[in-house]
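Please work through the following exercises with the sequence and the coordinates at hand. Each task is followed by a solution in steps.

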Amino acid sequence: MWLPKLEYDDQHYSESERKRLRCFIVRSLPLHKAHVIESLRLKLSNSHYFKPQVIKWIVATAVSRNVLELDISCSSYPEKLNILPSSLYTSKSLVILKLGDWILLDVPPMVSLPSLKTLQLQEVVYSSEESLQRLLFNCPVLEELKVDIWKYDNTRNFTIIVPSLLSLSLFIPFDYGIDGLVIKTPSLKYFKLRVHSSSSHYCLVEHMPNLIEAYIDVEFPNIKSLIESITSVKRLEICLEVLYEEGIVFSQLEHLKLCRCKDCTSNLLIRLLKDSPNLRVLDLYEMIDHYYCGIIPWNPPSTVPACMLSSLQIFHWSAYSGVPGERDLAIYMLKNASHLKTVTIWSDECDIPELEMLKQLAFSSRASTTCEFMFD
């Protein structure tokens with residue numbers, strides 16, 4: 001017999017309701033005779049009613065009933081919340097594990113999670129730098145991994161070596177003192193990397209030949225192996241603090257979304273256009289929580305990139321302001337992209353007080369006679 005999904009969330013409960021909820025869980029959970037619990041979701045915010053030992057008992061009980069999915073977060077609790085029983089790390093049934101909010105990940109020497117396919121660790125606390133690596137090493141069929149580092153954690157070196165991994169999301173916050181990053185995931189298809197720490201550190205990312213989509217938002221300077229690892233990507237969203245080295249080719253890249261908030265945006269755009277011979281779609285936009293400096297100094301390349309003469313069909317520009325550098329870039333795209341089918345420009349009226357700026361684009365010469373030009 002299977003139990004349905006069990007969900008306990010006290011974040012919107014009164015004090016008396018929290019007390020009743022705790023009593024209900026403690027009394028009812030042992031009475032269930034099911035051999036398998038489909039999922040257990042705990043969203044707890046009050047340490048007075050749900051002590052760490054009570055939470056650990058709940059989790060241990062679920063593990064003993066061959067739980068398939070665990071989703072646990074404990075906000076407003078003290079740091080390093082030790083609530084994970086040792087039996088969790090040897091569960092044969094667990095397929096999905098999601099942990100958040102300062103839960104202590106104290107991985108024992110004996111670990112075996114043969115069925116785990118999805119792992120999410122959002123602002124947990126690692127007992128040592130080896131904890132994450134040891135855990136991942138013992139997840140032989142892991143396919144999806146999401147790791148958001150807590151800004152007060154002391155881990156400085158991150159090693160992610162998972163041959164089976166298909167999807168990886170890693171976030172390292174602003175001013176976090178990272179010393180080293182190693183990623184070896186040869187089967188990866190979806191890659192999201194956000195490193196907002198600008199300090200220089202060791203970085204080794206091995207090639208991902210099956211990569212389909214990548215979201216890269218990094219501020220550290222030594223990006224050589226990172227950029228070389230994603231050359232097989234088909235869809236790329238990217239924001240870089242520095243320009244990557246010449247000689248790299250994105251032969252399969254079809255859709256590029258470039259964040260325009262950095263000083264190097266103009267040069268980065270030129271290089272990406274040159275290095276992406278089969279590009280079909282180009283978006284200029286701002287990533288979430290990124291802020292445009294207001295200037296794109298446009299110095300056109302000496303030769304027109306190959307993709308503009310053969311494959312580029314769609315050009316989108318969000319938050320167009322019409323300043324001279326932006327206007328020059330837009331006119332260049334219209335004048336040289338001979339296979340364009342659609343150009344769409346979004347702008348705020350307050351950014352462009354005079355429609356004359358837009359008219360200059362609408363009536364500028366176009367290399368493609370079939371190009372449809374739209375303002376929004």
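The exercises below concern a predicted model and move from the whole protein to single residues.

**Exercise 1. The protein as a whole**

Task: State how many helices and strands the protein has, and describe its extent and the share of buried residues.

Solution.
- Step 1. Counting the secondary structure gives eight helices and 22 strands.
- Step 2. Along the principal axes, the C-alpha atoms fill a box of roughly 75 × 45 × 40 Å.
- Step 3. The protein has 376 residues, and 51% of them count as buried.
- Step 4. Taking contacts between residues at least 6 apart in sequence, 56% join residues at least 24 apart.

**Exercise 2. Two strands with two faces**

Task: For strand 2 and strand 11, determine which side chains lie on which face, and identify the partner strand of each.

Solution.
- Step 1. In a regular strand, side chains alternate between the two faces of the sheet.
- Step 2. In strand 2 (residues 6-9), L6 and Y8 point to one face and are buried, while E7 and D9 point to the other face and are not buried.
- Step 3. Strand 2 runs parallel to strand 4 (residues 39-44), to which four bridges join it. Within this pair, L6 stands opposite L40 of strand 4.
- Step 4. In strand 11 (residues 157-161), the covered face consists of F158 and I160, and the uncovered face of N157, T159 and I161.
- Step 5. Strand 11 is joined by five bridges to strand 13 (residues 180-184), and the two run parallel. Here F158 of strand 11 stands opposite L181 of strand 13.

**Exercise 3. The surroundings of H255**

Task: Locate H255 and list the polar contacts of its side chain.

Solution.
- Step 1. H255 belongs to strand 18 (residues 255-259).
- Step 2. The relative accessible area of H255 is 16%; because this is under 20%, the residue is classed as buried.
- Step 3. Neighbours within four places in sequence are set aside, and H255 is then in contact with K234, R235, L236, L279, V281 and D283.
- Step 4. Two of these residues also make side-chain polar contacts with the side chain of H255: R235 at 2.7 Å and D283 at 3.1 Å.
- Step 5. As a check on distance, H255 and E237 are 18 residues apart in sequence, and their C-alpha atoms are 8.5 Å apart.

**Exercise 4. T265 and I248**

Task: Decide whether T265 and I248 are buried or exposed, and describe the setting of each.

Solution.
- Step 1. T265 is found in helix 5 (residues 265-274). Its relative accessible area is 6%, so T265 is buried.
- Step 2. The side chain of T265 reaches the backbone oxygen of K262 at 2.8 Å.
- Step 3. Beyond the neighbours within four places in sequence, T265 is in contact with L258, C259 and R260.
- Step 4. I248 lies in the loop between strand 17 (235-240) and strand 18. With a relative accessible area of 8%, I248 is therefore buried although it sits in a loop.
- Step 5. With neighbours within four places again left aside, I248 is in contact with I227, E228, T231 and D275.
- Step 6. I248 and I55 are 193 residues apart in sequence, and 51 Å separate their C-alpha atoms.

**Exercise 5. Positive phi angles**

Task: Describe the position and exposure of N66 and W102, two residues other than glycine with positive phi.

Solution.
- Step 1. Phi is near 60 degrees for N66 and about 70 degrees for W102.
- Step 2. N66 lies in the loop between helix 2 (52-64) and strand 5 (69-74), whereas W102 lies in the loop between strand 6 (96-100) and strand 7 (104-105).
- Step 3. N66 has 36% relative accessibility and so counts as partly exposed. W102, at 24%, is also partly exposed.

**Exercise 6. The largest pocket**

Task: Characterise the largest pocket by its volume and its lining.

Solution.
- Step 1. The volume of the largest pocket is about 260 Å³.
- Step 2. Its lining comprises 15 residues, and H196, D217, I288, D289 and H290 lie nearest the centre.
- Step 3. By class, the lining residues are seven nonpolar, two polar and six charged.
- Step 4. Strand 14 (190-195) and strand 16 (213-218) each supply at least two residues of this lining.

Methods
Residues are numbered from 1 along each chain as its sequence is written. This is a predicted model: local features need pLDDT of at least 70, side-chain atom pairs count only at pLDDT 80 or more; totals for chains, interfaces and linings use all residues. Side-chain values use heavy atoms; hydrogens and water are left out. Buried means under 20% relative accessible area, exposed over 50%, partly exposed in between (1.4 Å probe, protein chains only). A polar contact is a pair of N or O atoms within 3.5 Å; within protein, one must be able to donate a hydrogen and the other to accept it, and residues adjacent in sequence count only if both atoms are side-chain atoms. Contact means heavy atoms within 4.5 Å. On a 1 Å grid over the protein atoms alone, a cavity is a set of points where a 1.4 Å probe fits but cannot get out, and a pocket is an open set with protein on both sides within 12 Å along at least five of seven lines; lining residues have an atom within 4 Å of a point. Grid points are joined across faces, edges and corners, and a volume is the space filled by probe spheres set on the points. Ala, Val, Leu, Ile, Met, Phe, Trp, Tyr, Cys and Pro count as nonpolar, Asp, Glu, Lys and Arg as charged, and the others, Gly among them, as polar. Two strands pair if DSSP finds at least two bridges between them.
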